[in-house]
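The following exercises concern the geometry of a single protein chain and its bound surroundings. Please work through each task before reading the solution.

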Amino acid sequence: MNDYKLPSLRQAARRSKEVVIEDNLFVLPEELKTLGKGKKYFIRTHGCQANERDSETISGILNDMGYTAADDASEADLILINTCAIRENAELKVLGEFGFFKEYKRRNPDLLLAMAGCMAQEEKTVEEILRKYPQVDLIFGTHNIYRLPLLLERAVREKKRVVEVYSKQGEVIENLPASRALSHKAWVNIMYGCDKFCTYCIVPYTRGKERSRRMGEIVEEVRQLKEAGYKEVTLLGQNVNAYGLDLGMESGFAQLLEEVAKTEIPRIRFTTPHPRNFDEEAVAMLAKYPNIMPSFHLPVQSGSNRVLKAMNRSYTRETYLDLFDRIKKTVPGASFTTDIIVGFPNETEEEFLETLSLYDYCAFDNAFTFIFSPRAGTPAAKIEDLTPREVKEDRLRRLNEKVVYYAKKHNLEYQDRIVEVLTDGPSKKRSDIYAGYTKENKLVNFQGKDLRPGDLVQVKITECHNFSLNGVAIEKD
Ligand code: 5AD
Ligand code: SF4
């Protein structure tokens, strides 16, 4: 008999109003602070920024346990894959990696292979891993990260497979360690989970209910980041503008934005807002402080009211466009990006054309576009879908033509302009070419001298490509 704690999507779908904030849940017993001594770990992260941020927490925990980061998976004693379940191809990539790392295990039988993230929350996936991927030693879910020291200890000392996935709504767990990937830009969680239950989406099942961190804690984190020299924070949540609703706040997101802006950290971004929860106060706040960046990711998913309803998006084409117009009017010159799904079950040609016409209206700066991918356990996966795959692929191609058209059109407007760029660092190929982003979140590759990540520089744009700009840093006198 094993003592696996397996996931259950049904349990994960429950929702209660209770908010639990845990300040002392993470403990690292003295004897585990040296468990990783002399050992190296390698983390591969898939998916969204929530996973990126979780990987920083996992790194922080591993560092506290005496592990050090490996530059390459081949030299690691622990390989951890932080997985994404949003679409089938994301999952197939991960399964392929488990196949690839099997070879590493043959060479080093002491190597531990671990799986974290959203795929670990899916019962079907975990069943499959248990059946077909014996090389995976440790599986833990998105709610179990704080338990990593104890789970690793069991896997290392008892040399047996460990599976622990809680399928719960989740609490807010504070005071976890973190080893941040960058020293000039940081992700800051403001809330976790999602209660929207869009019919195609697995996230409400894998990440629990919407729950917000206390405002004071978030603002303090940003203040400390600023003190440590960080230039940009991105406020993170599945639905950032539902921030504070669970804590009984009104217009919580607007309040939070204001408090974060007052820290005077130079650049503030946020992702992802849901059009439904974007209230007037939040729209007004976008223009009130210059350190709130004029770049907004506002997922629309479809331009058809029939499809939006079937997706349970809880807004219409008209209300989306009204919000879009209001933000655009409030923040002139802002850039807009979006997410779109084509081929939602039985989407018709006319409905798809409505998506294209919405795209023309909004003329987005860029978009993430996807073909609908049925996720087991979600309502949309149960709909009998009569649209052939080729039709969906053709729609994606036609949509992507528009994406490129408008991306290029917007980028061309930057020719000869002088823009502020936050330097990320030198490019991999040439040390005198740097990469960074404008306030509108445009990628710029530019010539410069002796720059460091985090330097804010004025750059003159000399060339415009579809998805990036070239330029030259203007020397200060
Ligand atoms: N199929 C295709 N795309 C999806 N997304 C979420 N779930 C699915 C799915 N089942 C897309 C949505 C979302 C983005 C993060 O991923 O566009 O905004
Ligand atoms: Fe998924 Fe919809 Fe929640 Fe976004 S709002 S995470 S698409 S359920």
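**Exercise 1. A pair of crossing helices**

In this predicted model, the axes of helix α2 (residues 49–64) and helix α5 (residues 148–157) come within 10 Å and cross at roughly 60°. Classify the orientation of α2 to α5, state the hand of the crossing, and describe the contact.

*Solution.*
Step 1. Angles of 65 to 115 degrees count as roughly perpendicular and those under 35 degrees as roughly parallel. A crossing at roughly 60° therefore makes α2 oblique to α5.
Step 2. The crossing in which α2 passes α5 is right-handed.
Step 3. On the α2 side the contact involves Ile58, Ile61 and Leu62, which meet Leu148, Pro149 and Leu152 of α5. By class, the contact of α2 with α5 holds six nonpolar residues, no polar and no charged ones.

**Exercise 2. Helices α11, α12 and α13**

Determine how α12 is oriented to α13 and how α11 is oriented to α12, and give the composition of the contact of α12 with α13 and of the contact of α11 with α12.

*Solution.*
Step 1. Helix α12 (residues 349–362) packs on helix α13 (residues 389–412) at about 10°, and their axes are 10 Å apart. Angles under 35 degrees count as roughly parallel, so α12 and α13 are roughly parallel to each other.
Step 2. From α12, the residues in this contact are Glu349, Phe352, Leu353, Leu356, Tyr359 and Asp360, while α13 supplies Arg395, Arg398, Leu399, Lys402, Val403 and Tyr406. The contact of α12 with α13 divides into seven nonpolar, no polar and five charged residues.
Step 3. Helix α11 (residues 317–330) packs against α12 at an angle of about 15°, with the axes 11 Å apart. The two helices, α11 and α12, are therefore also described as roughly parallel to each other, and their crossing is right-handed.
Step 4. Here α11 contributes Arg317, Tyr320, Leu321, Phe324 and Asp325, and α12 contributes Glu354, Ser357, Leu358, Tyr361 and Cys362. The contact of α11 with α12 comprises six nonpolar residues, one polar and three charged.

**Exercise 3. The shell around ligand 2**

Which residues surround ligand 2, and how do the residues of the shell divide by class?

*Solution.*
Step 1. The surrounding residues are Cys194, Lys196, Phe197, Cys198, Tyr200, Cys201, Val203, Pro204, Gln238, Asn239, His274 and Arg313.
Step 2. Sorted by class, the shell around ligand 2 has seven nonpolar, three polar and two charged residues.

**Exercise 4. Backbone geometry in loops**

Where is Thr272 found, and what kind of peptide bond joins Thr271 and Thr272? Where do Ser251 and Asp450 lie?

*Solution.*
Step 1. The bond between Thr271 and Thr272 is a cis peptide bond, with omega about 5°. Thr272 lies in the loop between β13 (267–271) and α9 (280–285).
Step 2. Ser251 is not a glycine, yet has a positive phi of about 50°; it is found in the loop between β12 (232–236) and α8 (252–262).
Step 3. Asp450, likewise not a glycine, has a positive phi of about 50°, and its place is the loop between β19 (443–447) and β20 (456–464).

**Exercise 5. Overall dimensions**

How does the radius of gyration of the protein compare with that of a compact globule?

*Solution.*
Step 1. The protein contains 13 helices and 21 strands.
Step 2. Its C-alpha trace spans about 65 × 60 × 45 Å along the principal axes.
Step 3. For 477 residues, a compact globule would have a radius of gyration near 23 Å; the protein has 23 Å, so the value agrees.

Key: Residues are numbered from 1 along each chain as its sequence is written. Chains are lettered from A and ligands numbered from 1 in the order in which they are written. This is a predicted model: local features need pLDDT of at least 70, side-chain atom pairs count only at pLDDT 80 or more; totals for chains, interfaces and linings use all residues. Side-chain values use heavy atoms; hydrogens and water are left out. Axes are lines fitted to C-alpha atoms, for helices over the stretch in contact, and angles run from 0 to 180 degrees between N-to-C directions. Helices (H or I, at least four residues) and strands (E, at least two) are DSSP runs, numbered from the N terminus. Angles under 35 degrees count as roughly parallel, over 145 as roughly antiparallel, 65 to 115 as roughly perpendicular and the rest as oblique. A crossing is left-handed if the near helix is turned anticlockwise from the far one by less than a right angle, and right-handed if clockwise. Contact means heavy atoms within 4.5 Å. Ala, Val, Leu, Ile, Met, Phe, Trp, Tyr, Cys and Pro count as nonpolar, Asp, Glu, Lys and Arg as charged, and the others, Gly among them, as polar. A residue is near a molecule or strand if one of its heavy atoms lies within 4 Å of it. The radius of gyration is taken over C-alpha atoms; the globule rule is 2.2 Å times the number of residues to the power 0.38.
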